[in-house]
Amino acid sequence: VQLQASGGGLVQAGGSLGVSCAASGRSFSSYTMAWFRQAPGKEREFVAAISRFDSPWYADSAKGRFTIARDNARNTVTLQMNSLKSEDTAVYYCAADQDWTLKASEYDYWGQGTLVTVSS
């Protein structure tokens, strides 16, 4: 599976932004898809994941503000981010794995990342 993330950019605090990840390869619908992020000087952290059964899971920091969704017909997963804060500034990575996991170290496939900058 190859992943290509897009949609990052600059947004003001309180605004909204969506990032998208396009997957190539077979059996996209059988993969857990996830978003992680990494801020400068910090470790990569979990943001959201969606199972092959379309069940989402969010980090506490994302609950109520972010929405993950998948479109198996288009092989895409999106992360809609609302009420953005300066602390959401990071490079956002999409990831895929055939198992359900929230740990970055357990994901087999990664996109290249897209930068989201939230100005205060």
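These are my notebook entries on aromatic pairs, charges over rings and the disulfide in a predicted model.

**Entry 1. Aromatic pairs**

I looked up the ring pairs and got a count of 6 aromatic pairs. I then took F36 and F46, whose ring centres lie 5.7 Å apart with the planes at 70°. Planes over 60 degrees apart count as edge-to-face, so I noted the pair of F36 and F46 as edge-to-face.

Where do F36 and F46 lie? I found F36 in strand β4, residues 32–38, and F46 in strand β5, residues 45–50. The pair therefore ties together parts that are 10 residues apart in sequence. I checked burial next and noted both F36 and F46 as buried.

**Entry 2. Y93 and W110**

I turned to Y93 and W110, where the ring centres are 6.4 Å apart. The cut-off for a pair is centres within 6.5 Å, so Y93 and W110 enter the list with that distance. Their planes stand at 80°, so I put this pair down as edge-to-face.

Y93 belongs to strand β9, residues 90–97, and W110 to strand β10, residues 109–110. I noted that the pair ties together parts that are 17 residues apart in sequence.

Are Y93 and W110 buried or partly exposed? For Y93 I read a relative accessible area of 14%, and the limit for buried is under 20%, so Y93 is buried. For W110 I read 27%, which makes W110 partly exposed.

**Entry 3. Cluster**

I followed the ring pairs from one residue to the next. They link F36, F46, Y93, Y107 and W110 into a cluster. Both pairs from the entries above have their residues in this cluster: F36 with F46, and Y93 with W110.

**Entry 4. Charges over rings**

I searched for charged side chains over ring faces. R44 lies over the face of W110, at 4.7 Å from the ring centre. W110 is thus a residue I have noted twice, as the ring under R44 and as a member of the cluster. I also recorded R70 over the face of F28, at 4.9 Å from the ring centre.

**Entry 5. Disulfide**

How many disulfides are there? I counted 1 disulfide. It is formed by C21 and C94, with their sulfur atoms 2.1 Å apart. I read 60° about the S-S bond, and the link of C21 and C94 is right-handed.

I placed C21 in strand β3, residues 17–24, and C94 in strand β9. The two cysteines are 73 residues apart, and the pair links distant parts of the chain. I noted both C21 and C94 as buried. Strand β9 holds C94, and Y93 lies in strand β9 as well.

Methods. Residues numbered from 1 in each chain as written. Heavy atoms only, no water. Phe/Tyr/Trp six-rings, centres within 6.5 Å; stacked < 30°, edge-to-face > 60°. Helix = DSSP H or I, 4+ residues; strand = E, 2+ residues; numbered from the N terminus. Buried < 20%, exposed > 50% of the residue type's maximum accessible area, 1.4 Å probe, protein only. Lys NZ or Arg CZ within 6 Å of the ring centre and 35° of its normal. Disulfide = S-S within 2.5 Å.
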